[in-house]
Amino acid sequence: MLDQNANVLDVANLKTVFNTRDGMVHAVNGVSFSLAPGELLGIVGESGSGKSVTMMSLLKLLPMPPAEIQGGSITFDGQDVRAMSEDRLRRLRGGEIGFIFQDPMTSLNPVFNVGFQLMEPLRVHMGMSKAAARVRAKELLELVGIPDAERRLKDFPHQFSGGMRQRVMIAIALACDPKVLIADEPTTALDVTIQAQILELIKDLREKLGMAIIWITHDLGVVAEIADRVAVMYAGQIVEHAPVKELFRNPQHPYTRALLETLPKVEGPRNERLLSIEGQPPSLSEAPSTCEFAPRCKYAFDKCRTDNPARIEVGNSHDVACWWDPTTGGPRDA
Amino acid sequence: MLDGTKPLVRVDDLKMHFPIFKGVLRRRVGEVKAVDGVSFEIYEGETLGLVGESGCGKSTVGRALLRLYDITDGHIEIDGSDISTLSGEALRDMRPRMQMIFQDPQASLNPRMTVGSIIAEPLDEHTNLTRKEKREKVAKLMDAVGLARRFADRYPHEFSGGQRQRIGIARALALNPKFIVCDEPIAALDVSIQAQVVNLLEDLQQEFGLTYLFISHDLSMVRHLATRVAVMYLGKIAELAPRDALYADPKHPYTQALLSAVPHPDPAGDRQHERIILKGDVPSPANPPKGCNFCTRCPKVMEICRSETPEWREVDAGRFVACHLYN
């Protein structure tokens, strides 16, 4: 590591497009963020907002073509990821950067037992012997709270329940002591009681292992529970970014505000009617030149329809990409 | 509350077991007890929320209620007629009164039919309207669910998820049903679109006087929508209560755990309920535990829970619980 305050991951102005038969799809439009060691960054957005594509772009996990990273820089631990060779990237993936996917059934290989899949990264990345890897694999299963670990190593993915499979995925992602763990909707496919178990496990593992985590989700509730900082994505851009408490106490972007208002809660006062965001998300067939949220925004004015706002610092490490100022109810002076 | 209104749907000890066949001779070796004795009533004009985790049998209840299955045991009465053993033409005559909205709008719409013909299909099947009358009715239905009339000649793939769900809703409304089973109608949609569909369902309920069974795993949405809520666990109803009472003061330990597990979208605010983390997984419905279904994971388990099945009893006005703690 370079020094104590260095970010483990820096992404600046990342742009990813897909060249499809029906034309270009601008999935990621100039995304910038950074991740400090040991920090948990939540990325929130609806389907199609580009949150998964952003993370896949980091490690070039997208099929290219049709995907193409058009611009931006990615710096991991002081090294330029975009300039890395395929070999070096392979060591990064699953070695220094761990990945957890949404659906543990489709991301585990059904024809190998769990022990084999756990030992694979250990042998490939860490060069462990079979015996050493087996010992470590057992420790990892114990770490993620799977009882009777020794015996379970011989079981196949279908013999595990959904929650247990996700624990196995987490164990594999943690196998090589990654500096960064990217979790793409890891609890979306799970029931709430199992989700609560996994969230507890992640909190616990963070304390023990201290890796940085990027947690992608569409659930603001989950973010509120575990994240340190939150970035809200819409139409392939980060529209708001703030420490978690600040974001929920003082949301600035009309989209974030609407999302928070539309959410029904299990506690507290209950609205007679749900507030909804009318309209549909944009199709992303062109690079954004205006504010992409303007057609659905109740505060939009002329400038929103002609200029795409950049992210503006509003204090408390909080920034927002919006021309409208909620404190005055008028245009922001910038 | 609902005094004076009469139940539209009455379910008594409904059981739905699916056989398991094994071996070369496909001998019956056991059964999955997807629904194992549930009883409840749904009053006219109300929304009964049915919540539970995946595999608890909530969708099976919804489907069995509309007799999409031949039920194993029990009685179902809808709008005064017992439909539990009806078959063939007699059952078909009941269909216009009860309809269903499905979870996956992609899978429940025929990709080779236009939106107009999808919505008109129930009319083709159950009415003798002329072609012109049908077209008029379809246009009215599309207005009611907020789809532009000019979309009638398009195909389902040309629509977004929220719009597809609107098509499914229009189809369910075509025959002026009294009772609609909504099986996770918003689970596949994004948050901002969910609110649009939920508001639509509420408006339609007002306008047409509909009664809903709203099946969902989303506890916060059920709190918004339902009049009363039933909580299912492993084929049985653990608790049934009016909405506000259930969310303010859950009685069954499973309801308590379930409510406390919902992430709270406010990092600063204090939680009303202490977080309860349940250990382990749901047992298999093919081999449910002896005694109370929840005894393997219950934080308040007692000796009696492992041997005797708790009775379904009314502990307070309109509040039903199946738990030994309230004996």
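Two strands are taken to pair if DSSP finds at least two bridges between them, and the legends that follow use the word in this sense for a model that is predicted.

**View 1. Pairing of β3(B) with β8(B) within an open sheet of eight strands in chain B.** Strand β3 (residues 47-51) and strand β8 (residues 211-216) of chain B run parallel to one another and are joined by five bridges, with Leu48(B) standing opposite Leu213(B) in β8(B). Helix α6 (residues 191-208) of chain B packs on this sheet, where it touches β3, β6 and β8 of chain B, and its direction makes about 160° with that of β8(B).

**View 2. Strand order and edges of the eight-stranded sheet of chain B.** The sheet is open and of mixed pairing, and its strands follow the order β6-β7-β8-β3-β9-β10-β12-β11. Its edges are formed by β6 (98-101) and β11 (313-316) of chain B, each of which pairs on one side only, and the twist from one strand to the next averages 25°. Helix α9 (residues 253-261) of chain B lies across β9 (228-233) and β10 (236-242) of chain B, and runs at about 100° to β9(B).

**View 3. The open sheet of four strands in chain B.** Here the pairing is antiparallel and the strand order is β2-β1-β4-β5. Because β2 (27-43) and β5 (81-82) of chain B stand at the edges with a single partner strand each, one side of each is left without a neighbour in the sheet. Helix α1 (residues 58-65) of chain B packs on the sheet and touches β1 (7-22), β2 and β4 of chain B, its direction making about 75° with that of β2(B).

**View 4. Strand pairs within the four-stranded sheet of chain B.** The antiparallel strands β1(B) and β2(B) are joined by 13 bridges, and Ile20(B) stands opposite Gly30(B) in β2(B). Four residues lie between the strands of this hairpin, in which Gly23(B) takes a positive phi near 80°. Five bridges support the antiparallel pairing of β1(B) with β4(B), where Asp12(B) faces His75(B) as its opposite residue in β4(B). Strand β4 (residues 73-78) of chain B also pairs in the antiparallel sense with β5(B), over two bridges, and Glu77(B) stands opposite Asp82(B) in β5(B).

**View 5. The interface of chain A and chain B.** The contact takes 43 residues from chain A and 42 residues from chain B, and the two chains bury about 3,900 Å² between them, 54% of it on carbon and sulfur atoms. On the side of chain A, Val266(A), Glu267(A) and Arg270(A) lose the most area to chain B, together 20% of what that side buries.

**View 6. Polar and charged pairs across the interface of chain A and chain B.** Two salt bridges are found across the interface; among them is that of Arg273(A) with Asp203(B), whose closest N and O atoms are 3.0 Å apart. Nine residue pairs are in polar contact across the interface. On the side of chain A that touches chain B, α8 (192-209), α9 (220-226), α10 (244-249) and α11 (254-262) of chain A each supply at least two residues, and α8(A) gives the most, with seven. The residues of that side divide into 17 nonpolar, 13 polar and 13 charged.

**View 7. A salt bridge within chain A, between Lys179(A) and Asp77(A).** The whole structure holds 38 salt bridges over all chains, and in this one the side chains of Lys179(A) and Asp77(A) meet at 2.6 Å, N to O. The pair links distant parts of the chain, 102 residues apart: Lys179(A) lies in the loop between α7 (162-174) and β7 (180-184) of chain A, and Asp77(A) in the loop between β4 (67-76) and β5 (79-80) of chain A.

Definitions and conventions: Residues are numbered from 1 along each chain as its sequence is written. Chains are lettered from A and ligands numbered from 1 in the order in which they are written. This is a predicted model: local features need pLDDT of at least 70, side-chain atom pairs count only at pLDDT 80 or more; totals for chains, interfaces and linings use all residues. Side-chain values use heavy atoms; hydrogens and water are left out. Contact means heavy atoms within 4.5 Å. Axes are lines fitted to C-alpha atoms, for helices over the stretch in contact, and angles run from 0 to 180 degrees between N-to-C directions. Buried area is the accessible area (1.4 Å probe) that two parts lose on being put together, summed over both. A salt bridge is a side-chain nitrogen of Lys or Arg within 4 Å of a carboxyl oxygen of Asp or Glu. A polar contact is a pair of N or O atoms within 3.5 Å; within protein, one must be able to donate a hydrogen and the other to accept it, and residues adjacent in sequence count only if both atoms are side-chain atoms. Ala, Val, Leu, Ile, Met, Phe, Trp, Tyr, Cys and Pro count as nonpolar, Asp, Glu, Lys and Arg as charged, and the others, Gly among them, as polar.
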